[in-house]
Amino acid sequence: MFTKINDSKIWQNGKFLDWQNSSVHSLTHTLHYGVGVFEGVRAYKGDQGTAIFRLQDHTDRLFKAAEIVNIKIPYSKEELNKIQCEILHQNRLQEAYLRPLIYLGDESMGLRAEDLTVNVIIAAWEWPSYMDPQSKVKGISMVKSSFPQYKNPLWSNHKITGTYVNSVVALQDAVSKGADEALMFDDEGFVSEGTGENIFFFKDNILRTPSIRACLNGITRQSIISIAKDFGYKVEEGDWTYDDLIESDEIFLTGTAVEVTPVTKIDNEIISNGVIGNLTREIQNKYQSIIVGNEKHYLDWLTFI
């Protein structure tokens, strides 16, 4: 649920509007057919001030996704980056989740998607923790999802609005079964990801994660791979089975929303000794230090506002 938004603004097509006055028509094309693109971005406050984590990488991916679905964004990358910094000032936020969204207008209906305007919104709000705040300490539970992922080059590695239906229903199903997240599999039965997170597991001193053939190449995922290699760990990307996960020493999820969150249970199987592992804690601590600007080696990942 959104909180503390009474005086908040949303940037929409060139103007900062009151949160309650930012709206779209009921016949908006993207609402009916799901052709739109978005990003999830976060800003953090550190000793040097507020900074957005990997802003340029997120914006680059947004534009690439738009290109994939034949949408020409009517603003430059530099303009959208500037607005994402400005909206934090507008909403008086020092830490925030940011959501850029590109969607097609209401000028016509039908799959031809002809003569439609391209609309842009950027919102920012306070979102301290995607899950229970204790989840990063105690870990979360997952259940094997009965909703499979499907191989489709159009969907791969892009945040396209209509492709998240599968994730929504899979997560709802997992929560109804008493779990925190769903474990997704690709069309060949190999481990893919969570419903909105990448997954890593540690075994025999090697950090492993699914290949991008089977999952989103998340920006946090890329960051964690770099961090692990800087620590001296070997990282393997490949096809992994359910048993590979169950028999591992540590498992954790990564993503803009969840950051680095340990998994301590899958179905009825306790992972290792059922508590956060040493590697997970090491990477988690380093990531938290990076995002608040305490690591000189990674300062180029931050855009200070």
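Here a biologist and a modeller talk through a helix and a pocket in a predicted model.

Biologist: How do you know that α5 has the span expected of a helix with twelve residues?

Modeller: Helix α5 covers residues 165-176 and reaches 17 Å from its first C-alpha to its last. At 1.5 Å a residue, 16 Å is expected, so the value is close.

Biologist: Why are N166, S167, A170, D173 and A174 of α5 called buried?

Modeller: Buried means under 20% relative accessible area, and these five residues of α5 are in that class. What covers them includes β8 (140-144) and β9 (181-185).

Biologist: What puts the buried residues on the same side of α5?

Modeller: They cover an arc of only 130 degrees around the axis, so they share one side of α5. In general, an α-helix has 3.6 residues a turn, so residues three or four places apart point the same way.

Biologist: And what makes V165, Q172 and S176 exposed?

Modeller: The cut-off for exposed is over 50% relative accessible area, and V165, Q172 and S176, on the other side of α5, fall in that class.

Biologist: Now the second largest pocket: which residues are closest to its centre?

Modeller: They are R42, E95, A96, W127 and P128, out of 15 that line the pocket. The space in the second largest pocket is about 180 Å³.

Biologist: What makes β4 stand out in that lining?

Modeller: Strand β4 gives three residues, the largest share of the lining.

Biologist: How do the lining residues of this pocket divide into nonpolar, polar and charged?

Modeller: Nine are nonpolar, two polar and four charged.

Note on methods:
Residues numbered from 1 in each chain as written. Predicted model: local features only at pLDDT ≥ 70, side-chain atom pairs only at ≥ 80, totals over all residues. Heavy atoms only, no water. 1 Å grid on protein atoms, 1.4 Å probe; cavity = no way out; pocket = protein on both sides within 12 Å on 5 of 7 lines; lining within 4 Å. Points joined across faces, edges and corners; volume = space filled by probe spheres on them. Helix = DSSP H or I, 4+ residues; strand = E, 2+ residues; numbered from the N terminus. Nonpolar A, V, L, I, M, F, W, Y, C, P; charged D, E, K, R; others polar. Buried < 20%, exposed > 50% of the residue type's maximum accessible area, 1.4 Å probe, protein only. Arc of directions from axis to C-beta. Contact = heavy atoms within 4.5 Å.
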